[in-house]
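Thanks for coming, everyone. Please look at the sequence and the structure before I start.

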Amino acid sequence: MAVTDLIMPKMGESIMEATILKWNKKVGDSVDLDESILDIATDKVDSEVPSPVAGVITEILFKENDVVAVGTVIARVAAQGSVAASPSVAEQPPIKVVEVVETRAEAIATAAEAVTPQPRTSDRFYSPLVLNMAREEGISIGELDAVVGTGAEGRLTKTDLRHYIAMRETAASVVVSPPAETPKTEPAKLETPKTEPAKSVETVKPMPSAAVSVSGNHEIIEMDRMRKLIAEHMVMSKQVSPHVTSFIEADVTNLVNWRERNKQAFEKKHGEKITFTPMFIEAVARAISDFPMINVSVDGTKIIVKKDINVGMAAALPSGNLIVPVVKNADQLNLVGLARSVNDLTARARGNKLKPDDVQNGTFTLSNVGTFGNVMGTPIINQPQVAILAVGAIRKKPAVIETEYGDVIAVRQMMFLSLSYDHRVVDGALGGSFLRRIGDYLEGFDVKRPV
């Protein structure tokens with residue numbers, strides 16, 4: 001009988017595991033080639049897993065909400081005609097699932113031994129990625145067991161562990177700072193949280209629950225998976241990066257007038273609507289080329305300068321959550337290419353059809369708070385980037401214009417721009433100059449620019 005293994009796919013360079021959200025098929029169901037068998041979720045995006053062959057589902061090896069490492073067999077499909085009868089779910093012998101669970105338990109126990117010689121203190125499941133991260137940071141299994149998880153059934157995700165490590169390191173410098181008269185003992189004292197997990201966990205317990213008074217006039221809503229990830233990412237960003245925000249006001253009258261005059265001709269010629277977003281991204285990409293030290297990330301005491309200019313654009317999903325699809329190599333695209341990329345990513349974000357690669361490898365982020373009628377904002381940096389730009393609503397305002405005949409007051413299209421940046425590596429001079437350069441490019445938009 002020709003049986004094909006369905007493998008948990010690798011959804012991106014940094015993705016090592018995925019959560020099974022929903023099985024769209026059950027044992028005994030027929031499937032066509034490329035028909036969706038299940039929905040999965042990673043830390044980046046949700047996706048469907050298609051069938052590699054046409055046939056019948058013979059085995060399902062994991063349950064919904066299970067976290068599975070990439071490359072693991074999650075189901076088996078028998079080729080069409082090779083199965084005499086399609087068994088029902090109730091007729092499936094439980095021994096196969098038991099064997100898989102036992103195999104996973106043995107693998108977890110082996111990985112745990114590699115992390116620490118200490119015995120396990122609970123039956124909690126940890127993915128290979130989490131165990132590897134724990135081993136590299138010297139975190140024992142006992143310490144892992146005490147960390148609060150936000151994954152399915154309270155499982156510990158890599159985001160949870162990264163958040164915990166950041167808080168753990170911060171607490172180490174505050175809680176166990178060495179005496180001034182004995183600086184030579186500093187390394188040993190800084191290691192205290194690793195050898196006394198109970199003390200460290202108690203000190204840096206993430207997201208402590210606040211006392212809440214609940215009455216009949218309150219409604220309690222559990223965060224969905226994506227909102228939990230966003231919350232963790234935002235808290236981590238504030239803890240990691242000292243945020244500074246600079247503001248400018250730009251006269252974008254030329255840009256607005258050009259778009260109003262040419263938007264119909266642009267769509268007719270290129271088959272794409274022209275919004276302000278690709279025009280903003282064009283100015284950002286040009287400014288990054290002028291100030292490449294904005295296009296960096298930080299690794300300890302090292303600054304990593306990115307050669308690619310990949311601009312992410314924060315987008316609101318119908319659910320109210322946020323996602324940041326990325327326009328890759330934005331500096332190499334003209335306005336038509338930028339418009340096409342922006343429109344495509346926006347449409348797929350709204351339809352929940354983004355791929356993991358669409359939201360990875362961003363080097364700078366643009367957030368258009370003006371979409372909601374806001375005139376300015378102070379956005380939180382999208383780690384591991386070091387800066388994020390917010391553009392406000394464009395409004396008609398009286399402004400002073402310098403002419404060869406003297407200063408005059410006229411009605412102009414004005415917009416606030418704000419840049420939040422990581423003060424560890426971006427000082428006020430760099431951040432302010434970069435922001436001003438973006439404003440200069442927007443203000444100097446050529447009104448005679450051809451479509």
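I will go from the whole chain to its sheets, then to one strand, one helix and a few single residues.

First, the ground rules. This is a predicted model, where local features need pLDDT of at least 70 and side-chain atom pairs count only at pLDDT 80 or more, while totals for chains, interfaces and linings use all residues. Residues are numbered from 1 along each chain as its sequence is written, and side-chain values use heavy atoms, with hydrogens and water left out.

Now the whole chain. It has 12 helices and 19 strands. Both are DSSP runs, numbered from the N terminus: helices are H or I with at least four residues, strands are E with at least two. Of the 451 residues, 43% are buried. Buried means under 20% relative accessible area, exposed means over 50%, and partly exposed is in between, with a 1.4 Å probe and protein chains only. Next, contacts, meaning heavy atoms within 4.5 Å. Take those with a separation of 6 or more: 64% of them join residues 24 or more positions apart. The chain exposes about 23500 Å², and carbon and sulfur atoms supply 54% of that. The areas come from the Shrake-Rupley method with a 1.4 Å probe; for residues, only the protein chains shown count as cover.

On to the sheets. Strands of a sheet pair through backbone hydrogen bonds, either parallel or antiparallel. Here, two strands pair if DSSP finds at least two bridges between them. One open sheet has four strands in the order β5-β4-β2-β7, with antiparallel pairing. Its edge strands are β5 (46–50) and β7 (67–69), and each pairs on one side only. Neighbouring strands of this sheet are turned by 40 degrees against each other on average, direction ignored. The axes behind that angle are lines fitted to C-alpha atoms, for helices over the stretch in contact, and angles run from 0 to 180 degrees between N-to-C directions. Look at β2 (residues 17–23) and β4 (residues 36–41): they share four bridges in the antiparallel sense. There, I20 stands opposite I40 of β4.

Another open sheet of four strands runs β1-β8-β6-β3, with antiparallel pairing. Its edges are β1 (3–7) and β3, each pairing on one side only. Strand β1 meets β8 (residues 73–79) over five antiparallel bridges. D5 has R76 in β8 as its bridge partner.

Now one strand, β17, residues 387–391. How many of its five residues are buried? Five of the five. Both faces are covered: A387, L389 and V391 sit on one side, I388 and A390 on the other. Strand β16 (residues 364–368) pairs with β17 in the parallel sense over four bridges. L366 has L389 as its bridge partner there. With β19 (residues 406–422), β17 pairs in the antiparallel sense over five bridges. I388 stands opposite S420 in β19.

Stay on β19 for a moment, where Q413 has its place. Q413 counts as buried because its relative accessibility is 14%. Leaving out residues up to four places away in sequence, Q413 touches A250, D251, V252, T253, V256, I394, R395 and K396.

Next, a helix: α11, residues 335–350. Does its length add up, and what should its 16 residues span? The expected span is 1.5 Å times one less than the number of residues. That gives 22 Å for α11, and its end C-alpha atoms are 22 Å apart, which agrees. Its buried residues include L335, V336, V342, L345 and R348. Among the elements covering the buried residues are α9 (253–270), α10 (276–290) and β12 (311–313). At the N-terminal end, N334 caps α11: a side-chain oxygen lies 3.2 Å from the backbone nitrogen of V336.

Last, some backbone details. N352 lies in the loop between α11 and β16. It is not a glycine, yet it has a positive phi of about 55 degrees. D34 is in the loop between β3 (30–31) and β4. D34 is not a glycine either, and its phi is positive, about 70 degrees. Is D34 buried or exposed? Exposed, because its relative accessible area is 54%. Finally, find P384 in the loop between β16 and β17. The peptide bond from Q383 to P384 is cis, with omega near 5 degrees.

Key:
A polar contact is a pair of N or O atoms within 3.5 Å; within protein, one must be able to donate a hydrogen and the other to accept it, and residues adjacent in sequence count only if both atoms are side-chain atoms.
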